[in-house]
Amino acid sequence: MGLLLAPWAAWAQTPGTPVDLQCEYLTNPLGLDAPRPRLTWRLHDDRRGAVQAAYQLTVSSDSVAVARGATAAWTSGRVPSARQLVAYGGPALRPFTKYYWRVQTWSSASAKGATSQVSSFETGLMSQANWQGTWISDSRDVASKPAPYFRTTFEAPRSLKSARAYITVGGLYELYINGRKVGNHRLDPMYTRFDRRTLYVTHDVTPYLRPGKNAVGVLLGNGWYNHQSTAVWYFHEAPWRNRPTFCLDLRLTDANNKITTITSGLNWKTALSPLVFNSIYTAEHYDARREQPGWNTADFDDSKWQAVIPRAAPSARIVAQAMQPIRNVEAIPAKAVAKLNDTTYVFDLGRNISGVSQLRAQGAAGTVLHLKHGERRYPDGHVDQSNIDVHYRPTDKSDPFQTDIFTLGGKGDETFMPSFNYKGFQYVEVTSSRPLALSTGSLTGYFMHSDVAPVGQVTSANPTLNKIWWATNNSYLSNLFGYPTDCPQREKNGWTGDAHIASETGLYNFDGITVYEKWLADHRDEQQPNGVLPSIIPSDGWGYEWGNGPDWTSTIAIIPWNLYLFYGDTKPLADCYGNLKRYVDHIEARSPTGLTDWGLGDWVPVKSKSPVELTSSVYYFTDASILARAAKLLGHPADAARYAALAQKIRNAINVKYLNRQTNLYGSGVQTELSVPLYWGVVPDELREKVAANLARRVAADNYHLDVGLLGTKAILGALSENGQADVAYRLAAQETYPSWGWWIANGATTLYENWPIDAKSDISMNHIMFGEVGAWLYKGLGGIKPDPQQPGFKNVLLTPHAVAGLDHFEARHLGPYGLIKSAWKKNGAGTSYSITVPPNATATLTVPVAAGQLVYEAGRPLAATSSAIRPRPITGPLRQYDLVAGTYQLEVR
């Protein structure tokens, strides 16, 4: 999980060179449908004060023309602007076309420009009308268990220049050409509301083809499309449910640019595969005796295979999957194995992950191995699933929870790894029907998740704090599978509350915008005409009646707003604007006083319960406030005024009912009641300091331990550190006894848990992200790195580092849209040194405490003697504030 901070440094020589070019936040993407794709870049420039004064984009389907700066399909011309996010503005893009682009930038009006390397993006079908293939399947029998194979053969031109496979599926797929699996994606396509939107994936398959006869094979899995396991959410009754189906266009281009398209159709043949059962929720069963070697090769005899049947498309909207895919990101060899008897072994990976296990074994044909996955062990060493199987409702014993079943073919060394399933686990209990010899090397775990690039890094003098950051990231990634989930074992549901609580943690640490944009499209698919959203997204229809409300489904406001803050991109807000309006209007209609009790409240608190009306009304205020700001940004002044007034009405109503202006307490004054209004801006400005002091006293009375649930966890650390109580926030975050994050770490946690007591009788998944705000707070509350809403995307970085009592040094790094941001501090006797990096073409506002008698130094000299790169702002009190231009700074307060 390392952070690659400057991948371009090896080749970029000229200061100011544009680097890290991306289209739709992807590098050289294939198969885009966006009519005006967004183009972004960073500058390689470590000079102090580095700026971009102008840019020029050049786009063409001719790579040579772009490289030479010759005539192009579109050029922006020289635009005097510091923007590094620009939408394509040329003629309509053609489908199935590769476009090349580069950017030239200037650092001043007269300086010679620097030019990037040439990058590319490739359009996909761009229209439903461009599909040629037929949707096919092997049957309509949703109860049929074995996964189906499909195959056909075709002739490829001898002068093949390029080949692209476009495949869309109801369910999941693996694509093979000439016996080779295409690509390294897992669980494609991503889960959507299948009857409203279906995704297609584009593959460059040129290297897989050969002149003459070729074979293409497809293996289909059920995924969420044909849910054959039974649990409390009724996915087996989903309105879209059917036997998996697919449509494929394989587009071949020869040296003369002649196009030949191989399509799915009635000429294909099908047979049942050795994958005799697959469930995204439980596991897979594989019988190696049923293997058909070479089934996906050109010379295979398929005379005994059956004819396919045509099928209707699952939905009328087939759109490109333009996002980071799921992959096997990290191989984790088993750390230890315990042999319980001649037929039972328990493997320990040494850490909790989402993903799959791969087993290598030898044995007689027909030997049956059960691979039971879990997060805990019983005292006798067997795997304990009692904390994760509570919502499973099996109808028989044929589909055991998180238990793969592998039947050996008796062909020597055999390997099994699931194709269409993932689990949450640390331990794997392997039980064989016959005695079997296994060793530590027999099993490997694969950490699977959406393969989002790391963009954040935290280190400190406190080893427990470092482990909390690492465990939080493990839980975040374990719950990112094309949509944010709550847990990778018990549910795999897209719980909205968990996701918006953890969204800043995700964005500080990972480049996740493509996943969030896809999930926001899922929101738009799921929203009812009256504005209501379900509590889990995507959904089969469950969740409209329970668990939703503004405290959970504020995702429709908070996540687009966070994307705007972190990326400086208004598109997510624009895409969701109408949906957010309908949502807020619905709450207003049912809550005319400005207060609402619609919601779950402070889920899984330690002990104190806060009024649902208080917390839900605060989130209603937050939604209305974000809507008002979005309206202003997007040019809707009447809406901006209306929803700003609504937000003020809600704020006033909360304060009238819950704020005691004599005691400066909300409600009964427990941690959540104080921190939620503070964090979300409900507290009157003149009382913030007093309410924060009351919160600090409440935390002290609780012996500096947490007494919050989900909503309070999001708020409490920021409410303290942003209001003069950073020392208290750190003491709370670094606590190592119950209840605290450190208590989990002290007891061996490598991920975050669902409940504060480790021995809880319910709600005790050991890989949950819902308490994961601490991961974002490390950047905000200790590093002090925050985006500026007035100049988002870290165009101006708000830097307010807190050198807290009890911690000697701390460093946070974040790779934002403009480049590396670094905030580090270290205590030196009575003083504190700060190491700051502001990315090129950006600025920062630095706020640091300076006690009476202290001065601020740069490079050993009093700040007044340094250059104009550091400009003080007039401010009273013990704080000093400075405007910094791009560059690296070594400051000291002493």
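Me: Hi! Let's start with helix 15: how many of its residues are buried?
Reply: In this predicted model, helix 15 covers residues 773–782 and is mostly covered, with 10 of its 10 residues buried.

Me: Which residues are those?
Reply: The buried residues of helix 15 are E773, V774, G775, A776, W777, L778, Y779, K780, G781 and L782.

Me: And what follows helix 15?
Reply: That would be G784, which has a positive phi, near 75°.

Me: How is the chain divided into domains?
Reply: There are domain 1 (17–123), domain 2 (131–323), domain 3 (327–450), domain 4 (468–782) and domain 5 (797–893).

Me: How far apart are the C-alpha centres of domain 4 and domain 5?
Reply: Those centres lie 30 Å apart. The two domains also meet: 13 residues of domain 4 are in contact with 13 residues of domain 5.

Me: Let's go to the nonpolar core. Which residues touch the most other members of the largest one?
Reply: I654 and W741 do, in a core of 207 residues. Helix 8, residues 612–633, gives the most to this core, contributing 11 residues.

Me: What is I654 in contact with, leaving aside its neighbours within four places in sequence?
Reply: I654 is in contact with L595, L614, S617, V618, F621, L659, Y666 and V682.

Me: And what about a second core? Which residues does it include?
Reply: It is separate and has 26 residues, among them F150, L209, V216 and V308.

Me: Switching to strands. What order does the open sheet of three strands have?
Reply: The order is 1-2-5, and the pairing is antiparallel. Strand 1 (17–23) and strand 5 (85–87) stand at the edges with a single partner strand each, so one side of each has no neighbour in the sheet. From one strand to the next, the twist averages 25°.

Me: Over how many bridges do strand 1 and strand 2 pair?
Reply: Five bridges, in the antiparallel sense, with strand 2 spanning residues 38–44. One pairing to look at is C23, whose bridge partner in strand 2 is L39.

Me: C23 is a cysteine worth a look. Is C23 buried or exposed?
Reply: C23 counts as buried, because its relative accessibility is 1% and the cut-off for buried is under 20%. C576 also counts as buried, at 1% relative accessibility.

Me: How many disulfides does the structure hold?
Reply: Zero. As a reminder, a disulfide is a covalent bond between the sulfur atoms of two cysteines.

Me: Now to strand 39 and strand 40. In which sense do they pair, and over how many bridges?
Reply: Strand 39 (residues 809–816) and strand 40 (residues 819–828) are antiparallel, with eight bridges. A hairpin through two residues joins strand 39 to strand 40. To find the register, start from A812, whose bridge partner in strand 40 is S823.

Me: How many bridges are there between strand 40 and strand 41?
Reply: Seven, again in an antiparallel pairing, and strand 41 runs over residues 831–849. Within this pairing, W825 stands opposite Y834 in strand 41.

Me: What about the hairpin of strand 40 and strand 41: which residue takes a positive phi there?
Reply: G829 does, with a phi near 60°, and the hairpin has two residues between the strands.

Me: Great, thanks!
Reply: Happy to help!

How values were computed
Residues numbered from 1 in each chain as written. Predicted model: local features only at pLDDT ≥ 70, side-chain atom pairs only at ≥ 80, totals over all residues. Heavy atoms only, no water. Pairing = 2+ DSSP bridges. Helix = DSSP H or I, 4+ residues; strand = E, 2+ residues; numbered from the N terminus. Axes fitted to C-alpha atoms, helices over the stretch in contact; angles between N-to-C directions. Disulfide = S-S within 2.5 Å. Buried < 20%, exposed > 50% of the residue type's maximum accessible area, 1.4 Å probe, protein only. Core = buried A, V, L, I, M, F, W, Y, C linked by side-chain atoms within 4.5 Å. Contact = heavy atoms within 4.5 Å. Domains from an automatic or database assignment.
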